[in-house]
Amino acid sequence: MPDPRRAIPRTDALLAESGIAKAAAELGRDLVKSVVQDVQRAARAGELAPADVAATVLARLPGSASSLRPVLNATGVVVHTNLGRAPLSAAALDALVAAGGATDVEFDLATGDRARRGRSALAALAAAVPDAGGVHVVNNNAAALLLCALAMAPGREIVVSRGELVEIGDGFRIPDLLESTGSRLREVGTTNRTTAGDYAAALGPDTGFVLKVHPSNYRVTGFTAEASLEELAQLGVPVVADIGSGLLAPHPLLPDEPDAATALRAGATVVTASGDKLLGGPQAGLLFGEKDVVERLRRHPAARALRVDKLTLAALEATLRGPVPPVRAALEASVEDLRRRAETLAESLRDFGAEAVASTAAVGGGGAPGVELPSAAVSLPARFAAALRTGEPPVVGRVVRDRCLLDLRTVRPDEDAKLREAVRRCG
């Protein structure tokens with residue numbers, strides 16, 4: 001009897017087939033070839049018939065050369081760290097595509113000379129926070145703090161409250177970050193109470209700056225006290241304020257969340273923040289402050305290692321100049337609108353056990369801890385949670401009391417149809 005494995009199509013023959021050849025041109029020959037070889041191995045093992053090899057290859061080809069998959073965030077966490085934090089606006093996405101080729105990121109088209117890198121994005125950032133004498137952008141907020149330590153306190157002391165020695169995620173801690181620069185931390189006060197007098201008593205000739213860190217992912221309540229930025233600004237040394245979440249101006253829904261403009265008016269020398277949280281832009285570390293100090297940060301040798309690329313600059317500028325980004329739209333969504341959408345979706349999914357229910361969303365991303373955002377959700381049997389996560393597109397909700405909740409505060413209205421079809425496919 002002839003060996004049936006001899007009927008398995010050869011690699012070169014498969015790569016020449018029209019559909020597979022087109023995919024190789026779009027995704028890359030090496031990626032497609034690896035899928036072809038995996039399917040051939042399965043056929044040799046008897047897991048599929050040789051006649052089905054070509055069709056199986058086409059079915060297994062990814063939609064793009066990247067393994068990252070777009071996900072529908074129905075968790076109710078507006079800035080979800082594990083899902084990439086802030087979803088970018090359509091304007092920011094368009095800017096990314098436009099900046100993908102050659103751009104004038106560091107070139108003056110009028111004169112033909114070299115120009116300030118990212119000048120348009122920096123101008124947009126300065127316009128958004130007029131209180132700042134200077135602005136600069138690095139690759140994340142941790143990098144912004146790192147640069148401050150390197151430029152403002154090399155081999156010197158950074159005075160910080162014990163209650164603000166926070167862990168910023170994935171095991172990374174601010175004390176470790178700052179001490180890695182060669183600076184020394186001078187801890188003052190206690191976990192729950194630190195006064196301006198505690199800072200003043202610690203100042204000396206070795207003081208580089210006072211650091212004020214907003215504990216954005218937790219709250220300390222009860223018998224507490226902390227020094228204000230206004231009080232720290234009167235101590236006669238530079239004050240660096242890490243506000244964390246990237247709010248540039250006060251927001252009525254988040255009255256306790258610090259913002260860059262208010263911190264600068266309170267007397268902070270430098271303010272650092274994240275671009276991919278409440279600002280709703282790409283991952284970036286934002287620096288605002290006194291002009292000469294920010295210029296010193298910009299000219300420090302480490303600034304080169306921490307700089308952002310043209311794609312980040314393009315997306316940041318579009319976020320600042322463009323329409324309301326998705327993060328802000330989600331925060332400001334009307335509860336009544338969310339309720340109506342949930343009722344409409346639940347009615348169309350009644351056969352799958354769907355119900356419209358009240359829900360509670362959160363800001364997330366280490367911002368506004370304890371703030372609850374009233375919301376509305378589609379409630380389904382708990383079995384839908386895993387099926388939706390592994391479907392196409394993946395939908396991530398949350399399970400509460402044996403029900404899978406799909407919170408609509410983090411689902412754009414134009415994604416409702418996708419959500420509906422995803423549930424139907426899993427039913």
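## Pockets and cores in a predicted model

The largest pocket holds about 1,200 Å³ of space. This is a predicted model, where local features need pLDDT of at least 70, side-chain atom pairs count only at pLDDT 80 or more, and totals for chains, interfaces and linings use all residues. Residues are numbered from 1 along each chain as its sequence is written, and side-chain values use heavy atoms, leaving out hydrogens and water.

A pocket here is an open set of points on a 1 Å grid over the protein atoms alone, where a 1.4 Å probe fits, with protein on both sides within 12 Å along at least five of seven lines; lining residues have an atom within 4 Å of a point. Volume is the space filled by probe spheres set on the points.

| Pocket | Volume | Lining residues | Nearest the centre |
|---|---|---|---|
| Largest | about 1,200 Å³ | 36 residues | Val-71, Pro-87, Leu-88, Arg-412, Glu-415 |
| Second largest | about 960 Å³ | 42 residues | His-214, Pro-215, Glu-226, Asp-256, Pro-258 |

In the largest pocket, the lining splits into 24 nonpolar, five polar and seven charged residues, and helix H15 gives the largest share, four residues. For the second largest pocket the split is 19 nonpolar, 13 polar and 10 charged, with S13 giving the largest share, four residues.

Now the packing. The largest nonpolar core (buried Ala, Val, Leu, Ile, Met, Phe, Trp, Tyr and Cys residues joined through side-chain atoms within 4.5 Å; buried is under 20% relative accessible area with a 1.4 Å probe, protein chains only) has 35 residues, and Val-271, Leu-286 and Phe-288 are among those with the most contacts inside it. Apart from it sits another core of 28 residues, including Phe-209 and Val-240.

Definitions and conventions: Buried means under 20% relative accessible area, exposed over 50%, partly exposed in between (1.4 Å probe, protein chains only). Helices (H or I, at least four residues) and strands (E, at least two) are DSSP runs, numbered from the N terminus. Ala, Val, Leu, Ile, Met, Phe, Trp, Tyr, Cys and Pro count as nonpolar, Asp, Glu, Lys and Arg as charged, and the others, Gly among them, as polar.
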